[in-house]
Amino acid sequence: MILRRLLLAGSALVATPAAAQSLATMDRNGGLVSVEAYGPNIVHVTIALDPKEIDRGPGYGIDAPPDPVGWTHRSDATGDVFTSSALRVTVDAKPWPKPPTQMERYFVPSLPPVSISVAGANGRDITRMNGWELAPQTVNGEKTFRVGASFADTPDTHYYGLGQNQEGILDLRGRTIDCRHNYDAPAGETVCVPFLVTNKGYGIVWDNPAATTVSPGLHSATRFQSQVGERVSFFVITGRTTDEIYAGYARLTGATPLPPKAAFGLIQSKARYESRDELMRIAQGYRSRNYPLDVMVLDWFHWTRMGQMDIDRNAFPDPAGMNRQLHDWGMHSMISVWPRYERESRYFNMLSAKGWLLKDADGQTADGLPIRSDRAGALLDSTNPEAREWFWGKIRDNIASEGFDWFWLDETEPDLVPAGHFYSIGSGDRYYNLYPLVHTMGVADGSARDRPNKRNLILARAAYLGTQRSGAIFWSSDTEGSWEALRRQVPTGLNFAASGHAYWSSDTGGWQWPHGPKAERPVLIDPDGATAMGQDYKDYPELFVRWFQYNSFTPTLRIHGQRPATAIWEYGAAAEPILADYLRLRYAFIPYLYSLGRQTYETGAPFMRALFMDFPDDPAVVNIGDQYMLGPAFLVAPVTDQGRTSRRVYLPKGSDWYDYWTNRRYTGGQTIDAAAPIDRIPVYVRAGSIVPMGAAVSSTAEKQKLQAIRVYPGRDARFILYDDDGTTNAYRRGGGTKTELVWDERSRKLSSATRLPLGQEVRPLVQIMSAPAP
């Protein structure tokens, strides 16, 4: 009865997703199959035994209405055929089943067979669903089913996405992915975004928030299996390019907002600044050294108790004054806000009485978990819209009112695992992966309503389908401070971005207390003067330099960690000038990066890109996980091994490449030995690229003119340079300035029909890069 009351209460509090609007629903011997169109290249398939499951439409995270324009439906002997300008979807006819043989009575599934083929409008096979699963079981006291589906595979199909898996391998083919949010995963936190992308022109969105197992290309099939459900529901998105697939994902789940321009600069953090004086000393340290900085972060335990949602005035006596000073220095602030409440905190009793906290099977507030020592406290039930509204109101009134600009929503997995517990909308097992979506969107919606002209920014640790529309940027959680952890970050970030979430990075230097095995090779950075680690970790300054070089070429750049010191001058005299050079280089790239952010807002395509996205005709790139493209120009090859001063780099075929540091030109389709002294990360620029370079600034609060427009010849090129005020939402209404830069290879001239955003002339800034003379 307690469980039933919980489920009924939840149904009254949270709006359910939109009902289905099928092109048609077919009966295959008792198996019901619904086909919905969401555009010419997007189809939604639902399979169930109960008509109610067909009628309720797609689940959480899907933000678009169906769009059947241009689709036709006909039936013939082969089955039901649905056709658009891009697709032909066939729900195969199934003959009346014959009585089972003696063997089949024991070993053949009882479900009516269903198979569905997806082909291009030209008849080219794209994928095929061969079978489905609906197996009864009881989960968390609820009679339900394990649901699944199997898709066809070919030996040359490769698979990417599914969120964050830190096992260090890019191609998911032949693996089994436990698609659930798991802070304690052995290789590092896993995050489930059930969007699987292939190199064969299609992606699959699996529409089920329960813990899910995915086996891409294993034993000649790709299988999805979710722990809880009453139906199979999935989307197939196709495209001639990967960008068309991401446009389809954005159409389904929402656009990726353009972050504030400050998010592209340096975000400085530490676990933790213990006082106002410590935080301001670091901020002033950047300014006094003329190092650019945009965001100072106040991490956890700035409160008086977990769940007070306040700021300790003993350590931070004047937070409003602190933020005014940061703003005067051209900086912004971000503060960590947790959804966890100690029993002794001021809001616990009220939240518990209202039923706004996660509950156990007896209907009691769940307080902590019997694992790890940091699990005290109860979890805000963000599936409840009233709880979400209350949470944002307290952030607005208690924290934003003190001048804090943006919010770090930590523990968005959530950290208090929902399995075996209950949300207002139902079993935590049924909605295992949903929390990041409802939690971040609650803050995003509140901010949009109450701060309509302030561009939102959220730092979040987990994601789900659609979380990109909340304005969140993501990071890889509390990684080890080791070379092994650094190596794993590169493919981890590429698969996360391939999951339709463009803004991902990692804690530069790792979050855990710095420790690692003794260096096997000569240390490349003298640790003398470093205060960021214990003196027994001699190669940690070298590790930090390599990590900082890498993160300088990721969508966001943030320093964080559980160590005595984190600012760039605290890794020793040898490391500081290298770090300062890369920090300045990062700011020189902001016009390029910010323009890419605008393109992502418009197209949905990530700009940190695994090589398969841009070089589909090069089979050599399908499992290269230690290199990537940053936008259309840069190929980045991080150094992730201690003591190395060179590394092998593959230059994809179909283009020539320039060494960014020397301008030496290489032909694509070859592997080279790239020089990588400690002050250099191997970076190559694709021939036929335009790269705007910004002048030096202390933060993005300054108007940044262009210092140069670099052209790397080799083919015709165009680049849309975008700029705006960097802080408001005017960009959503057509604000800002676009300048189309066009390079004509034959005439070797760069032109633009308009002036640059700050009124500069194009011609004096053009630098045509050329290979050095032999």
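Modeller: UniProt positions are given in the numbering used here, and such annotations may be inferred rather than shown by experiment. The model itself is predicted.

Biologist: At which residues does UniProt place the feature "domain: DUF5110"?

Modeller: The feature comes from an unreviewed UniProt entry. Over this stretch the chain is 0% helix and 50% strand, and its end C-alpha atoms are 9 Å apart. UniProt places the feature at residues 709–750.

Biologist: How far apart are the end C-alpha atoms over residues 604–691?

Modeller: For these residues UniProt lists "domain: Glycosyl hydrolase family 31 C-terminal", again in an unreviewed entry. The chain there is 5% helix and 39% strand. Its end C-alpha atoms are separated by 21 Å.

Biologist: How many strands does the protein chain have?

Modeller: Helices and strands are counted separately along the chain. There are 14 helices, and the number of strands is 42.

Biologist: What radius of gyration does the protein chain have?

Modeller: A compact globule of 774 residues would have a value near 28 Å, so that is the figure to compare with. The C-alpha trace spans about 80 × 70 × 55 Å along its principal axes. The radius of gyration of the chain agrees with the globule figure, at 26 Å.

Biologist: Among contacts between residues at least 6 apart in sequence, what share joins residues at least 24 apart?

Modeller: Buried residues make up 63% of the protein chain. Of the contacts you ask about, the share that joins residues at least 24 apart is 71%.

Biologist: Is proline 66 buried or exposed?

Modeller: Proline 66 is in the loop between helix 2 (51–55) and strand 4 (72–76). Beyond its neighbours within four places in sequence, this proline is in contact with Gln21, Glu36, Ala37 and Tyr38. The cut-off for buried is under 20% relative accessible area. Because its relative accessibility is 16%, proline 66 counts as buried.

Biologist: How far apart in space are proline 66 and serine 22?

Modeller: In sequence, proline 66 and serine 22 are 44 residues apart. In space, C-alpha to C-alpha, the distance is 8.4 Å.

Biologist: Which residues form a nonpolar patch on the surface with Tyr106?

Modeller: Tyrosine 106 lies in helix 3 (residues 102–107). Exposed means over 50% relative accessible area, and tyrosine 106 is exposed because its value is 61%. The patch has about 440 Å² of accessible area together. Tyr106 shares this patch with Met103 and Phe107.

Notes:
Residues numbered from 1 in each chain as written. Predicted model: local features only at pLDDT ≥ 70, side-chain atom pairs only at ≥ 80, totals over all residues. Heavy atoms only, no water. Patch = residues over 30% accessible without salt bridge, like charges linked within 9 Å, V, L, I, M, F, W, Y side chains within 5 Å. Areas by Shrake-Rupley, 256 points an atom, 1.4 Å probe, with all protein chains shown as cover. Salt bridge = Lys/Arg side-chain N within 4 Å of Asp/Glu carboxyl O. Helix = DSSP H or I, 4+ residues; strand = E, 2+ residues; numbered from the N terminus. Buried < 20%, exposed > 50% of the residue type's maximum accessible area, 1.4 Å probe, protein only. Rg over C-alpha atoms; globule rule 2.2 N^0.38 Å. Contact = heavy atoms within 4.5 Å.
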